[in-house]
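Hi,

Here is the structure I promised to pass on. Have a look at it first, and then read my notes underneath.

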Amino acid sequence: MLIDSHCHLDKLDLAAHGGDVNGALQAAYARQVSHVLCIGINLENMGDVIALAEAHDPVFASVGVHPLYQESREPTCDELLAIAAHPKVVAIGETGLDYFYGEGDLQWQKDRFIVHIEAARECQLPLIIHTRGAKEDTLGYLRAYGGGAVNGVLHCFTEDLDMAKQAVDMGFLISISGIVTFRNASALRDVVKALPLDRLLVETDAPWLAPVPHRGKKNEPQFVVEVAEKVADLKGMTVAQVAQQTSANFFGLFQKAQPGVARSEAQNG
Ligand SMILES: [Zn+2]
Ligand SMILES: [Zn+2]
């Protein structure tokens, strides 16, 4: 089994599945994708995210406000904690720092990031971190506000090996998206080669970032298979080995997520 550890299931383009999210999930189950973590990006979409997790046993949810969604209502720590108490909410995020576009309100991002770190620390759930062009601040804030008491994942990782290693040393996993299949992503492929497989997750970040050979199409959870195939290729391992280890990594990190219920829905479907 394979797990799509980061997907925006509420935002998929479902035209290929008759408008039915079940179609996208069944297509994923048919390719041995056993579970999907559906990520919250603002408080306004949390209802949709939680409804998907409630309706589908293999779908888990996270609660957070994305650093680039600055029009979103700002969450308090207590609000995050209240939503995180839901049995299917297994993580805090996505949160983090994204300086790629330069001159947004970076203080807004920093303040939100701190609130999320504090919530994760309080409820002892892992953090799902979006980080781009913000290496020093991301690591620095995790150190300063996490106090060694938070863990999580740096998702859709595109930064350098030094950042990955520092995060791993703090107890974080590194999640690899379809970017690893892109022609210009040789630096990321080197990161995958250098890190031990027991520190990696795989994800789609669907509906964005469809992997080769699906580029130009809308991404969906089943395409995590192509991500795992590329990781296996880089590691000189089988896809089954990558699937087994990254799934074990997933359940080791997201301990509130229970693996047992997935197969029955997959088989019933
Ligand atoms: Zn992200
Ligand atoms: Zn995302």
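Below is what I found in it, starting with the sheet and ending with a few backbone oddities.

One thing to keep in mind throughout: this is a predicted model.

**The sheet**

The place to begin is an open sheet of 8 strands, in the order S1-S2-S3-S4-S5-S6-S7-S8, with parallel pairing. At its edges stand S1 (2-7) and S8 (200-202); each has a single partner strand, so one side of each is left without a neighbour in the sheet. Going from one strand to the next, the twist averages 30°.

If you want a strand to zoom in on, try S5 (residues 127-132). Of its 6 residues, 5 are buried, so S5 is largely enclosed by the rest of the structure. On one side, S5 runs parallel to S4 (residues 89-98), and 5 bridges join the two. S5 also pairs with S6 (residues 152-155), again in the parallel sense, over 4 bridges.

His-130 is a handy marker here. In the pairing with S4, His-130 of S5 has Gly-96 opposite. In the pairing with S6, His-130 stands opposite His-155.

Carry on from S6 and you get to S7 (residues 172-176), where the pairing is parallel over 3 bridges. There, Gly-152 sits opposite Phe-172 in S7.

**Two helices that cross**

How do H4 and H5 meet? The axes of H4 (residues 106-123) and H5 (residues 135-146) come within 10 Å and cross at roughly 45°. The two helices are therefore oblique to each other, and H4 passes H5 in a right-handed crossing.

As for who touches whom, H4 brings Lys-110, Phe-113, Ile-114, Ile-117, Glu-118 and Arg-121, while H5 brings Tyr-141, Leu-142, Tyr-145 and Gly-146. By class, that contact has 6 nonpolar, 1 polar and 3 charged residues.

Leu-142, in helix H5, deserves a click of its own. Is Leu-142 buried or exposed? Leu-142 has 27 other C-beta atoms within 10 Å, and 20 or more is the cut-off for buried, so Leu-142 is buried. Leaving aside neighbours within four places in sequence, Leu-142 is in contact with Ile-117, Val-150 and Met-170. As a ruler for the view, the C-alpha atoms of Leu-142 and Gln-107 are separated by 16 Å, and these residues are 35 apart along the chain.

**Backbone oddities**

Which peptide bonds are cis? One runs from Gly-93 to Glu-94, with omega near 15°, and Glu-94 lies in strand S4. Another runs from Ala-206 to Pro-207, also with omega near 15°. Pro-207 is in the loop between S8 and H8 (224-235).

That loop between S8 and H8 holds Asp-205 as well. Asp-205 has a positive phi of about 55° although it is not a glycine. With 24 C-beta neighbours inside 10 Å, Asp-205 counts as buried.

Gln-32 is another non-glycine with a positive phi, here about 70°. Look for Gln-32 in the loop between H1 (21-30) and S2 (33-38). Gln-32 is partly exposed, with 16 other C-beta atoms within 10 Å.

That's the lot from me. Shout if anything is unclear.

Cheers

Notes:
Residues numbered from 1 in each chain as written. Chains lettered and ligands numbered in written order. Predicted model: local features only at pLDDT ≥ 70, side-chain atom pairs only at ≥ 80, totals over all residues. Axes fitted to C-alpha atoms, helices over the stretch in contact; angles between N-to-C directions. Parallel < 35°, antiparallel > 145°, perpendicular 65-115°, else oblique. Left-handed = near helix turned anticlockwise from the far one by under 90°. Contact = placed C-beta atoms within 7 Å. Nonpolar A, V, L, I, M, F, W, Y, C, P; charged D, E, K, R; others polar. Buried ≥ 20, exposed ≤ 12 C-beta atoms within 10 Å, placed from the backbone. Pairing = 2+ DSSP bridges.
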